[in-house]
Amino acid sequence: MRKPIIAANWKLNKGPSDTEDFIKSFESRLNDLPKGVDLVLAPPFISLPKATELLSQSKVRVAAQNMSEQDNGAFTGEVSALMLKEVFVSYVILGHSERRSIYGESDELINAKIRKAHELELKPIFCIGETLGEREGGQLEEVLRRQLTKGLEGITEKQILDTVIAYEPVWAIGTGVTATPEQAQDAHEFVRSVLTDLYEVSVSEKVRIQYGGSVKPANAAELLGQKDIDGALVGGASLEASSFAELIANGVVE
Ligand code: PEP
């Protein structure tokens, strides 16, 4: 039985003071939420120390939204894995479609980042997903297989168990259009079958695969109720503590 994991990706929203307001409001709701779920908040870099400080006694963990594959040196604007560890970050989102499409991150670069994260014992939330054109052009499986195979090159069985995969169809991110539960389940089943090609089945069965793309309180139950969907990566609906809490309450059945 895989424990669900629900993560909030705030993108370029919430400086330290908005982060504090959210966490205070969210923590006051935690007692009423299901317990059998891992919860993660991913604020912008500048708000990470505030988030980890406020959550130091909480079960809620903190993720960065990106990180450098480098340790240090002349890489203006970058943040290293060691720096994230220093401020008690536990997870790091890597390969998000916005990083791939807007900042040109390649499968190779994402692989280097995933390796670096594991080297420093940060848990990657590794995002994959197809564009609408790729889906309509019949390339869904080819794209997912390529992203997974290249992104996970050199990642050991032990490390994959500490990796969360986030399947996020690009056409569903921030658009209000959600994959149907059947479309999402089919893609997740395919992702798990690729993991089974790469690792022992006893390992691939344990890897958690989140769905991301316009998950909201109203559709969380149906999506997270699918056999191979082990949680959600949530953008828009995670920006208000009330809506994120409602989504968790609806999505996790205990
Ligand atoms: C995301 O950014 O990972 C995401 C899924 O966003 P949204 O929930 O807004 O579609």
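**Ligand site, pockets and two unusual backbone angles**

In this predicted model, the ligand picks up a backbone contact from Gly235, whose N or O atom sits 2.8 Å from a ligand oxygen. Side chains join in too. Glu168 puts a polar side-chain atom 2.6 Å from an oxygen atom of the ligand, and for Asn9 the corresponding distance, from a side-chain N or O atom to a ligand oxygen, comes out at 3.3 Å. With the protein in place, 96% of the ligand's accessible area is covered, out of the 290 Å² that the ligand has on its own.

As for who sits around the ligand, the shell counts 14 residues, and those that come nearest are Lys11, Glu168, Gly174, Ser214 and Gly235. Sorted by class, this shell breaks down into 8 polar, 4 nonpolar and 2 charged residues. Glu168 and Gly235 thus turn up both in that nearest group and in the contacts described above, Glu168 through its side chain and Gly235 through its backbone.

Lys11 shows up again in the pocket search. The largest pocket holds about 460 Å³ of space, and Lys11 is listed with Leu12, Gln65, Arg99 and Tyr103 as lying nearest its centre, out of 18 lining residues. Helix α4, spanning residues 97–102, supplies the largest share of that lining, with 3 residues. The class make-up of the lining is 8 nonpolar, 6 polar and 4 charged residues.

Next comes the second largest pocket, at about 320 Å³. Its lining runs to 16 residues, with Met1, Arg2, Pro4, Leu224 and Ile229 closest to the centre. By class, the lining of this second pocket contains 7 nonpolar, 5 polar and 4 charged residues.

Back to Lys11, this time for its backbone. Its phi is near 50 degrees, which is a positive value in a residue other than glycine. Lys11 belongs to the loop that links β1 (5–9) to α1 (16–27). The residue counts as partly exposed because its relative accessible area is 23%, a value between the 20% and 50% cut-offs.

Phe88 is another non-glycine residue with a positive phi, here about 70 degrees. Its place is also a loop, the one between α3 (81–86) and β4 (91–94). Is Phe88 buried or exposed? With a relative accessible area of 65%, Phe88 is exposed, since the cut-off for that class is over 50%.

Definitions and conventions. Residues numbered from 1 in each chain as written. Predicted model: local features only at pLDDT ≥ 70, side-chain atom pairs only at ≥ 80, totals over all residues. Heavy atoms only, no water. Near = heavy atom within 4 Å. Polar contact = N/O pair within 3.5 Å; in protein donor to acceptor, adjacent residues only side chain to side chain. Areas by Shrake-Rupley, 256 points an atom, 1.4 Å probe, with all protein chains shown as cover. Nonpolar A, V, L, I, M, F, W, Y, C, P; charged D, E, K, R; others polar. 1 Å grid on protein atoms, 1.4 Å probe; cavity = no way out; pocket = protein on both sides within 12 Å on 5 of 7 lines; lining within 4 Å. Points joined across faces, edges and corners; volume = space filled by probe spheres on them. Helix = DSSP H or I, 4+ residues; strand = E, 2+ residues; numbered from the N terminus. Buried < 20%, exposed > 50% of the residue type's maximum accessible area, 1.4 Å probe, protein only.
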